[in-house]
Amino acid sequence: MINLNTKVKTAILAILLLLITTASYQAGKARAQKDLVKARTDLAELKAEYARNEAATAAAYAAALKKASDAAIAQQNKTDNISRQLVAANTRTKNNANKIKEVIAHETDNTCAVLDADSVQIYNAALGY
């Protein structure tokens, strides 16, 4: 027969084992809850850092794009200015050539002189031939 004392000891051990198991479960659950809160906090911090980095990258990209656009506009303005100067110089050159043609034509008509070979070369060079 089993001694009553043994039954009590067995019951006490079973209760202690149940209490220890319950306490371990509750401690593990509390630790898991604490870890979950920390993981959520860490995730929120990472999301905030990502958003800050993304905003900084977007701002840097926008600044670089504006700088490149401003440089392109400045270069286009320089090109337009040079083009206008070239057109003006070309116009002056054509006007001068026309004046020379008129002077030569007038002089040859008035003098009725025949041009020699050197004069023809000078005439052709002046007219751009």
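This report walks through the fold, the surface and the salt bridges of a predicted model.

## Overall make-up

Let's start with the secondary structure: the protein has 2 helices and 0 strands. Helix α1 covers residues 4–111, in a protein of 129 residues.

Not much is tucked away here, as buried residues make up 2% of the 129 residues. The accessible surface of the protein adds up to about 11300 Å², and carbon and sulfur atoms account for 64% of that.

## A nonpolar patch

Some of that surface belongs to a nonpolar patch formed by V8, I12, L13, I15, L16, L19 and I20. Together these residues offer about 670 Å² of accessible area.

Take I12 as one of the members. I12 sits in helix α1 and has a relative accessible area of 45%. Since buried means under 20% and exposed means over 50%, I12 lands in the partly exposed class.

## Salt bridge between K38 and D42

Now for the charged side chains. Side chains of opposite charge can pair when their charged atoms come close. The structure holds 2 salt bridges, and one of them joins the side chains of D42 and K38, at 3.1 Å from N to O. Both residues belong to helix α1 and lie 4 residues apart, which is about one turn of the helix.

How open is this pair to the outside? K38 is exposed, with a relative accessible area of 51%, so K38 is just on the far side of the 50% cut-off. Its partner D42 is partly exposed, at 30%.

## Salt bridge between K66 and D70

Further along the chain, the side chains of K66 and D70 meet in a salt bridge, with 3.0 Å from N to O. These two are also in helix α1, 4 residues apart, so about one helical turn separates them.

As for accessibility, K66 is exposed, with a relative accessible area of 52%. D70 counts as partly exposed, at 36% relative accessibility.

Notes: Residues are numbered from 1 along each chain as its sequence is written. This is a predicted model: local features need pLDDT of at least 70, side-chain atom pairs count only at pLDDT 80 or more; totals for chains, interfaces and linings use all residues. Side-chain values use heavy atoms; hydrogens and water are left out. Buried means under 20% relative accessible area, exposed over 50%, partly exposed in between (1.4 Å probe, protein chains only). Accessible areas come from the Shrake-Rupley method with a 1.4 Å probe; for residues, only the protein chains shown count as cover. Patches are made of residues with over 30% relative accessible area and no salt bridge: like charges are joined within 9 Å, nonpolar side chains (Val, Leu, Ile, Met, Phe, Trp, Tyr) within 5 Å. A salt bridge is a side-chain nitrogen of Lys or Arg within 4 Å of a carboxyl oxygen of Asp or Glu.
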